[in-house]
Structure formats: structure tokens, C-alpha cells
Amino acid sequence: MSRLSPPPRPAAAPLHVPDAPRSFLISGQLRRPLALTVADLRERWPQRHAAVVFDCATNGPQHHTFDGPLLRDVMDDAGPAFDARRRKDRSRYLLTVTGGDGHHTVLSWAEIDADFGDAPILLATALDGRPLDAAGSQLVVPSDRCGARYISAITGIWCGPCPAPPEPLSWA
């Protein structure tokens, strides 16, 4: 017995699907992990402006302007799982930020905390006046002299405590 199948359909023109907005995850020891896009960063938090100069190892001095919310404000909404009343608890938390190229960096919570470093570190939504929706958010550390911690196309931010170091060996 033979089976009949419908005639082949002509090849359809490929559909143009607009690029989905780049999103990234904020995870770790948080009360409210977040999945965010650049549009979310622009709409949900106050925007700051930073004119920066940093030294790029391959291209020399870079002069740019960035707009975006403070990392601290975004992380506060994610609710790190420390006791905010205890400075020593806050001071042992770390943040790792990973970019689309796999490059990553580490920040301490104390760097962004108002009781410690109070650094105005941004999650950029615009670079030199151009929106970063297609490229993804960028970490901006205005106080850095080199650009190594300027992470492009952020894919994730992790937040958690630094483990206590092991006990030193005794030389008795």
C-alpha cells in the first residue's frame, strides 16, 4: 500500500523577526532575582549621566558619556540577602558581572554602598547618546583609570557573600 503525501510547498520567504531585546539575569543570594533589559533599566530607575575617560590597553584613552541607573539602586531592588542594618554583613558581599564576550569582573558591595565607597557605578542604557538596547547594557566604573571593568553586553550579575578564608596552618 502506498501513502500519498501532499505536494511540496514552495519555499516561503524567511520571516524577519526583530532582534529580541538583550536581557540579563541578576541572581545569587537575593530576595528578588531579576531578568532585565536595557529598556527596563531605563524605565524603572532614575538615570544618571557620567562623562568618563579611561585608558584602553588596545586603543589608548577613551572619552565617552554614559547614561543609566546606579548599580546600587538596581541591586537594592533585587534585595541582597544580607541584613542591611549590619555593615559587616554588607561588607562581605561580592558582585560578579559577566559580559557577552565572557569577560567578567568582581566588585565588592562596599564599593557601591553609601556607608563605604559610595561609587557611582552605572548599568549603562546609552553610550555617547546612543541607546544600548541592541548591544546590551554596559557596566561603567567612572573612577577606574583603565577600562578593564567596563563590561559590555552584560549577560549576568551574581551577588553573594565572600566565603571566610580557611584557618591558617599552625607551625607548632
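The lining of the largest pocket in this predicted model divides by class into 7 nonpolar, 7 polar and 1 charged residues. The space in this pocket comes to about 260 Å³. Of its 15 lining residues, Phe54, Gln138, Gly147, Tyr150 and Ser152 are the closest to the centre. Two elements, β3 and β4, each give two or more residues to the lining, and β4 supplies the largest share, with 3 residues.

**The sheet beside the pocket**

Let us look at those two strands. β3 covers residues 48–56 and β4 covers residues 60–68; the two run antiparallel and are joined by 9 bridges. They form a hairpin, with 3 residues between the strands. One pairing to look for on screen is valine 52, whose bridge partner in β4 is histidine 64.

The hairpin belongs to an open sheet of 4 strands, ordered β3-β4-β8-β9, with antiparallel pairing. Why is one side of β3 and of β9 left without a neighbour in the sheet? Both strands stand at the edges and each has a single partner strand, so there is no neighbour on one side; β9 is the stretch 130–131. Further in, β4 pairs with β8 (residues 126–127) over 2 bridges, again in the antiparallel sense. Here phenylalanine 66 stands opposite leucine 127 of β8. As you follow these strands, it helps to recall that side chains in a regular strand alternate between the two faces of the sheet.

**An aromatic link**

Phenylalanine 66 is worth a second look. The model has 4 aromatic pairs, and one of them joins phenylalanine 66 to tyrosine 150 in a tilted arrangement, with 6.0 Å from centre to centre and 50° between the planes. Phenylalanine 66 sits in strand β4, whereas tyrosine 150 sits in the loop between β10 (138–140) and β11 (154–161), so the pair ties together parts of the chain that are 84 residues apart in sequence.

Are the two partners buried or exposed? Phenylalanine 66 has a relative accessible area of 1%, under the 20% cut-off, so this residue counts as buried. Tyrosine 150 is buried as well, with a relative accessible area of 7%. Phe54 joins these two residues in one aromatic cluster. That brings us back to the pocket, since Phe54 and Tyr150 are among the residues closest to its centre.

**The hairpins side by side**

The hairpin of β3 and β4 can be set beside two others in the chain.

| Hairpin | Strand residues | Bridges | Residues between strands |
|---|---|---|---|
| β1 and β2 | 23–28 and 34–37 | 4 bridges | 5 residues |
| β3 and β4 | 48–56 and 60–68 | 9 bridges | 3 residues |
| β5 and β6 | 93–99 and 104–108 | 5 bridges | 4 residues |

In the hairpin of β1 and β2, isoleucine 26 stands opposite leucine 34 in β2. In the hairpin of β5 and β6, threonine 98 stands opposite histidine 104 in β6. The turn of this hairpin holds glycine 102, which has a positive phi of about 90°.

**Two buried residues to visit**

Threonine 105 has its place in strand β6. With a relative accessible area of 10%, this threonine is buried. Which residues does threonine 105 touch, not counting residues up to four places away in sequence? They are Leu95, Thr96, Val97, Leu139, Arg149 and Ile151. Leucine 95 is 10 residues away from threonine 105 along the chain, and their C-alpha atoms are separated by 8.3 Å.

Aspartate 89 lies in helix α3, which covers residues 87–90. At 11% relative accessibility, this aspartate also counts as buried. Leaving aside residues up to four places away in sequence, aspartate 89 touches Phe82 and Asp83.

**The chain as a whole**

Stepping back, the protein chain has 4 helices and 11 strands. How much of the chain counts as buried? The share is 38% of its 172 residues. Among contacts between residues at least 6 apart in sequence, 60% join residues at least 24 apart. The pair of phenylalanine 66 and tyrosine 150, with its 84 residues of separation in sequence, is a good place to begin exploring such links.

Technical notes
Residues numbered from 1 in each chain as written. Predicted model: local features only at pLDDT ≥ 70, side-chain atom pairs only at ≥ 80, totals over all residues. Heavy atoms only, no water. Pairing = 2+ DSSP bridges. Phe/Tyr/Trp six-rings, centres within 6.5 Å; stacked < 30°, edge-to-face > 60°. Buried < 20%, exposed > 50% of the residue type's maximum accessible area, 1.4 Å probe, protein only. 1 Å grid on protein atoms, 1.4 Å probe; cavity = no way out; pocket = protein on both sides within 12 Å on 5 of 7 lines; lining within 4 Å. Points joined across faces, edges and corners; volume = space filled by probe spheres on them. Nonpolar A, V, L, I, M, F, W, Y, C, P; charged D, E, K, R; others polar. Contact = heavy atoms within 4.5 Å.
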